[in-house]
2 protein chains.
Amino acid sequence: MIELGGYYSANNRCQFRVWAPRASRVELRVVGAKEQIRALESSGGGYFDVQVDNISPGTLYLYRLDGSRDRPDPASRFQPQGVHGPSQVIDPSFAWADRNWLGLPLKDYVVYELHVGTFTVTGTFDAVSAHLEELKDLGITVIELMPVAQFPGSRNWGYDGVYPFAVQESYGGPLGLKRLVNACHEIGLAVILDVVYNHLGPEGNYFAEFGPYFTDRYKTPWGPAMNFDGPDSDPVRRYLIDNALYWISEFHIDALRLDAVHAILDHSPYTFLEQLADEVHAQAKLLNRQVWLIPESAANDSRLVRGRELGGYGLDAQWNDDFHHALRGVMTGEKSGYYEDYGEFHQLVKAYREGFVYSGEYSKYRRRRHGISSRDIPAERLVVFSQNHDQVGNRMLGERLPQLVSFEDLKLAAGAVILSPFIPMLFMGEEYGEPAPFQYFVSHGDANLIAAVRNGRRNEFAAFAWRGEPPDPQDEKTFLRSKLNHNLKHDGRFHALWEFYRELIRLRKKLAPLACLSKEKCEIHGFESERILVLRRWFKDQEIISIFNFNAAQVSLDLPFSGECWRKVLASTDERWAGAGSQLPPMLDVVRAVTLSLPGRSFVVYRKEFENSSAQMFS
Amino acid sequence: MIELGGYYSANNRCQFRVWAPRASRVELRVVGAKEQIRALESSGGGYFDVQVDNISPGTLYLYRLDGSRDRPDPASRFQPQGVHGPSQVIDPSFAWADRNWLGLPLKDYVVYELHVGTFTVTGTFDAVSAHLEELKDLGITVIELMPVAQFPGSRNWGYDGVYPFAVQESYGGPLGLKRLVNACHEIGLAVILDVVYNHLGPEGNYFAEFGPYFTDRYKTPWGPAMNFDGPDSDPVRRYLIDNALYWISEFHIDALRLDAVHAILDHSPYTFLEQLADEVHAQAKLLNRQVWLIPESAANDSRLVRGRELGGYGLDAQWNDDFHHALRGVMTGEKSGYYEDYGEFHQLVKAYREGFVYSGEYSKYRRRRHGISSRDIPAERLVVFSQNHDQVGNRMLGERLPQLVSFEDLKLAAGAVILSPFIPMLFMGEEYGEPAPFQYFVSHGDANLIAAVRNGRRNEFAAFAWRGEPPDPQDEKTFLRSKLNHNLKHDGRFHALWEFYRELIRLRKKLAPLACLSKEKCEIHGFESERILVLRRWFKDQEIISIFNFNAAQVSLDLPFSGECWRKVLASTDERWAGAGSQLPPMLDVVRAVTLSLPGRSFVVYRKEFENSSAQMFS
């Protein structure tokens, strides 16, 4: 189906196909013992093809452009010797054991973002597999892999990936990824893959020699913008959309997280993202699987996840950074960088009510009005989190939340995310309060690039020079320092936090009002001066009330309802979660109003037992 | 209401307001006998204000930036000494005589595009007024003025306008324009003004000294792109939207033609065009007038004119260049430049059926797939034409259609446009077959710019060098050569053509099936091999059939319906229209089928008299 690259069918037959309109001549050079040169034939539209027999899987090859330059295949499926080396022919067949796997509906997603290289000591897909049972036990339903496309060296977040079809060799290559996905599906976990369609990494990038993959009409922060709407943009789109279809079809990936789609600069009337949504959804239908596209976007553009019939792009769910910033702003009072725009309690309330905090308001940080309303966007189309790779790793020192706030705050953040009506996402290690940083690291081979990255990082944090230099991204120690310490989670507070996360996720799944992701069935009360947030969620005759106190001090609150009897489900201060112990009543028999006294930085969950005959709401 | 610029209220009181975030100090310098300097005060957001008494209308002024540079007001209402000179305070009051004017519905628009400088010998608004009765007599309901914002010198198409609020002084300035609009409304004509929001002209452009009006994140073919979505873009949008509101409110303009909106580069979730549509329509409601926004766009993006509730931008109607190109391609067989993509008969059929010819098909000229479907766009939201300033003037020699095709072809083109279910537009002089060219002309003051424009023009037509050099744009003779010769229209074939246009417009208004702009009530039959197009339009029990023969030879056609009796309304070959005389039967009594013999390059219109009892359609 995906016909770009070296497409191995069977019986040592391989079809090679490359888009190279800038070359007048393209040859296949088979590298190694059976060294040979074969001419590709132009088949129109800038494409070149050849079918070769006696090519066994594992064969290494390069394309020779215009008789002189030998380059890896832009659609290489494997780069066993790195970004500058030859490409390898891969047999796509695999002994899949997931024939009955149908994917998961978005509403059941509980996402765990992980970076393969730092998740374990060995940093491979196989090493990830060893943790799947534990993640499942925690309640996770989906793991999200940071990008795995081949990048320079062996240490990279993944956003410098340059061969979008080639699975990073140091992680275990394509076979390793298939084994991991297969293992996930076997125990009922879905897999999201983070893919980067807004740019290609700088090192090992020979694409411009093949064709106009890039345009100079727009700029991105990371290098030349991809050509989505200019002359010869159709094959560029084809290339990237085939990439999406490749992950879904050949690797059984369940969803794609689309990196920074605000940097997909495209003024065409049928945008790349619409085409991607249409083709991926059509393919999912054919495969009879639930497949989702989940953009990350800084644009606060609800059009992304609105349906095609309403003029939207038809993507399925998007990251809501505003939720994170509003929560973090209220919890930490941080004001540097983009946090300048956050910190007001009413912003957190709006994040729960609507999704986007900035829906047209003026942003000081952006120096313009920002966003449009997401009021009509269903809760299950928004992904929320208190940490992720960016929010941790883009700090100068890459501190995770435990380095910045108290233990009670960690539990508060966990509750705020998991008890929300949105899709929750955890960043690896968050579940037990991993103290290691997640820092920015690379392992480029190009000295100029290494210097540029170092300087870029230094300039970015020039305002924090009084705190010292940022860690050297190229230094292996920066990478090693960022690895998880899984052994911590078995003891003490780490273990209590882990259990707390597990209990919250369990409640989210078990209690119907929490499992039902609906803004309509979630009433939000914000008490600005007390800094208390009340989420009242219901499903049929069941009701759950979660009361969050973001105040550092103990606060008394007159409950905004009466005539009901409530039973305590959980309090973050319970001793069981290494808290000071909760004084909150196990039962609330609210004949009229009742005043609750909430410890600072804590939350409590009550479940409605029954309604008194005199029940009535007041606000 | 519009508060930018020198806003004269009454009693010699004037409020000055300018957005100049790049200046740390702004002063008002009154120029002339009462020379004085007044400091403006910063009022936040980069705005500076001052209210001054004893300023009479006519006062000349400049802004002094940072105590050194004297510049015209970016929101100048008048530049009596040109783009480099001082701005003038204008009294906005005017003795309007159009109090009962409500505007016209789009479906009644019959548009006449004109360029003020070349429409008459004197080239002023007042000189245009002298022709209004004649245009009304022709059947025109709306005149469309090419841009009138102050440009360098006295000769320009208008797209080099640099002060969007200042009416070109050589045309008669703001008072002249108001007199013209008033005169139009008095006799029932509406006025469309062409406005340019995608760039500002190069000469006399001091805007970057005031603030970040421009961005370097995008490029346009005509210079720096306007800043619609970057930091500090809110005031840039405010400035341009206030410009739209200014024309509508202060000049009583009925509609704005938005120049080349595909070059309004904007990735924000609430685009400039949506904001413009929202604010202009709200203002129209307040004014209780019908006001329309009519973009020109090369993008074939139906989202522009789709309603906001369906995710569209909510603009009202758009130019459909595809109709022109398809018609021209079929008529002339031209294949150079963008005509490479046209010339197929089925494309013309599609233009009538759907609107856009390119709705996702591959365009050779653009080297990519182009456009999305306009099938759901109502006919009254598409403007069609067989000539316009661009299609004439962007040819090397600026030839109008009469220099390229036969007299019979001119009538065929007229019928194809006016009998279509879309909004028809004529380009000045088209109605009598003006033989003068409409060439590209400028009158810049900057020697480098003059040379650049000359070279640009020469390079553009390098492929036609065998035909000689393009006319020198800066040469006044190029401008003079482009003026209309109105006296021609009273005699001979010119007159016959004029009368023919008048008759077609009269029929379009009088015959209900032609007046009803509906794709649903218009059945299109295309006969590919005969090159015959049949438009069957109906309204209630009335029916009109127009049969166009684009074949150079006489062609016989079996009419695709029977059981009806038809009366001839008009044939383009009738002697009355200086034709060879029509052999077509005055009555068609179609018991079964009937074969009609149509002269080459002609059309005929029949009107249904009654239906036989055995009536039935077959296709």
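The following exercises treat the interface of two chains and one helix in a predicted model.

Local features require pLDDT of at least 70 and side-chain atom pairs count only at pLDDT 80 or more, whereas totals for chains, interfaces and linings use all residues. Residues are numbered from 1 along each chain as its sequence is written, chains are lettered from A in the order in which they are written, and side-chain values use heavy atoms, with hydrogens and water left out.

**Exercise 1. Determine how chain A is related to chain B.**

Solution. Step 1: two copies of a chain are related by a rotation about an axis and a shift along it. Step 2: the superposition is by least squares on the C-alpha atoms of residues with pLDDT of at least 70 in both copies. A turn of 180 degrees with a shift of 0.0 Å along the axis lays chain A on chain B with an RMSD of 0.0 Å. This is the relation of a two-fold axis. Step 3: within chain A, the residue that comes closest to the rotation axis is G311(A), its C-alpha lying at 2.0 Å.

**Exercise 2. Describe the extent of the contact between chain A and chain B.**

Solution. Step 1: with contact taken as heavy atoms within 4.5 Å, chain A contributes 34 residues and chain B 34 residues. Step 2: 100% of the interface residues of chain A are also interface residues in chain B, so the copies meet through the same surface. Step 3: the buried area (accessible area, 1.4 Å probe, lost on putting two parts together, summed over both) is about 2,600 Å², with 44% from carbon and sulfur atoms. In chain A, the residues losing the most area to chain B are H267(A), P269(A) and R303(A), which together give 24% of what that side buries.

**Exercise 3. Count the salt bridges between chain A and chain B.**

Solution. Step 1: the criterion is a side-chain nitrogen of Lys or Arg within 4 Å of a carboxyl oxygen of Asp or Glu. Step 2: the count is six. One of the pairs is D234(A) with R369(B), whose closest N and O atoms are 4.0 Å apart.

**Exercise 4. Establish whether helix 9 of chain B is enclosed or not, and by what.**

Solution. Step 1: helices are DSSP runs (H or I, at least four residues) and strands are E runs of at least two, numbered from the N terminus; buried means under 20% relative accessible area (1.4 Å probe, protein chains only). Step 2: seven of the nine residues of helix 9 (residues 345-353) of chain B are buried, so this helix is largely enclosed by the rest of the structure. Among the buried residues are F345(B), L348(B) and Y352(B). Step 3: the cover includes helix 8 (321-332), helix 11 (407-418) and strand 25 (532-539) of chain B.

Key
Buried < 20%, exposed > 50% of the residue type's maximum accessible area, 1.4 Å probe, protein only.
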